[in-house]
Amino acid sequence: MRVIILVCCLAVAVVDNVEAKSITLNQLEQMLRSEVSEWHGTSYEFGGMGKSGVDCSGFVKAVFRNLFGVSLPRHSSHQAAIGIGVLRSRIRVGDIVFFKLSKGNHVGISILAVVSLRTRQKARV
């Protein structure tokens, strides 16, 4: 239920931002790719939130603010707390994906329409 509510909220934000009545997954993917390309060459900076230096959660927060007018929490652990687990095979364009690396937690944005992985474990989205 929370995923549906979140998706609806994001859809409303996207509609308001692009002044359109509907948006396809392909259009959303292109919007994300365009925004991401503007960050190309930005260096990693722990705690950074801008194009002079950014970390993963700052990047996700900035992209969602810039594209959708959505205000997300600053830290990945707080971002993860507002989402719910879904099967990896159900991840869609624009979903925020959380995963653990050897050096700590990480967050990113899915820009692929469908992610196919071998496992059926749940991912935080």
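Helices and strands here are DSSP runs, numbered from the N terminus, with at least four residues for a helix and at least two for a strand. Keep in mind as you look around that this is a predicted model. With that naming in hand, Gly41 falls in the loop between α2 and β1, and we'll come back to that loop more than once.

Let's take the overall layout before the details. The protein has four helices and six strands. Walk along the sequence and you meet them in the pattern α-α-β-β-α-α-β-β-β-β. Of the 125 residues in the protein, 37% are buried. As for how the chain folds back on itself, take the contacts with a separation of 6 or more: residues 24 or more positions apart account for 51% of them.

Now find two helices, α2 (residues 25-38) and α3 (residues 56-68). Two packed helices are described by the angle between their axes and the distance between the axes. For α2 and α3, the axes come within 11 Å and cross at roughly 120 degrees. An angle of 65 to 115 degrees would count as roughly perpendicular, and one over 145 as roughly antiparallel, so α2 ends up oblique to α3. The crossing of α2 past α3 is right-handed.

Which residues do the touching? On the α2 side they are Leu28, Met31, Leu32, Glu35 and Val36, and they meet Phe59, Val63, Asn66, Leu67 and Phe68 in α3. Sort the residues of this contact by type and you get eight nonpolar, one polar and one charged.

Two names on the α3 side, Phe59 and Phe68, lead straight on to the aromatic rings. A pair of aromatic rings is described by the distance of the centres and the angle of the planes. There are two aromatic pairs in the structure. In one of them, the rings of Trp39 and Phe59 have centres 5.4 Å apart and planes at 90 degrees; planes over 60 degrees apart count as edge-to-face, so that is what this pair is. Trp39 sits in the loop between α2 and β1 (49-50) while Phe59 belongs to helix α3, so the pair ties together parts that are 20 residues apart in sequence. Both Trp39 and Phe59 are buried.

The other pair is Phe64 with Phe68, also edge-to-face, with 5.1 Å from centre to centre and 65 degrees between the planes. Here both partners lie in helix α3, four residues apart, or about one turn of the helix. Phe64 and Phe68 are both buried as well.

Back to the loop that holds Trp39. His40 is in that loop between α2 and β1 too. Is His40 buried or exposed? Its relative accessibility is 74%, so His40 counts as exposed. Gly41, in the loop between α2 and β1, is also exposed, with a relative accessible area of 70%. Each has a partner further along to check in your viewer: the C-alpha atoms of His40 and Lys51, 11 residues apart along the chain, are separated by 9.0 Å, and Gly41 and Ser52, 11 residues apart in sequence, are 9.4 Å apart C-alpha to C-alpha.

For a last stop, move to strand β4 (residues 96-101), where you'll find Ile96. With a relative accessible area of 11%, Ile96 is buried. Gly83 is 13 residues away from Ile96 in sequence, and their C-alpha atoms are 8.6 Å apart in space.

Conventions: Residues numbered from 1 in each chain as written. Predicted model: local features only at pLDDT ≥ 70, side-chain atom pairs only at ≥ 80, totals over all residues. Heavy atoms only, no water. Axes fitted to C-alpha atoms, helices over the stretch in contact; angles between N-to-C directions. Parallel < 35°, antiparallel > 145°, perpendicular 65-115°, else oblique. Left-handed = near helix turned anticlockwise from the far one by under 90°. Contact = heavy atoms within 4.5 Å. Nonpolar A, V, L, I, M, F, W, Y, C, P; charged D, E, K, R; others polar. Phe/Tyr/Trp six-rings, centres within 6.5 Å; stacked < 30°, edge-to-face > 60°. Buried < 20%, exposed > 50% of the residue type's maximum accessible area, 1.4 Å probe, protein only.
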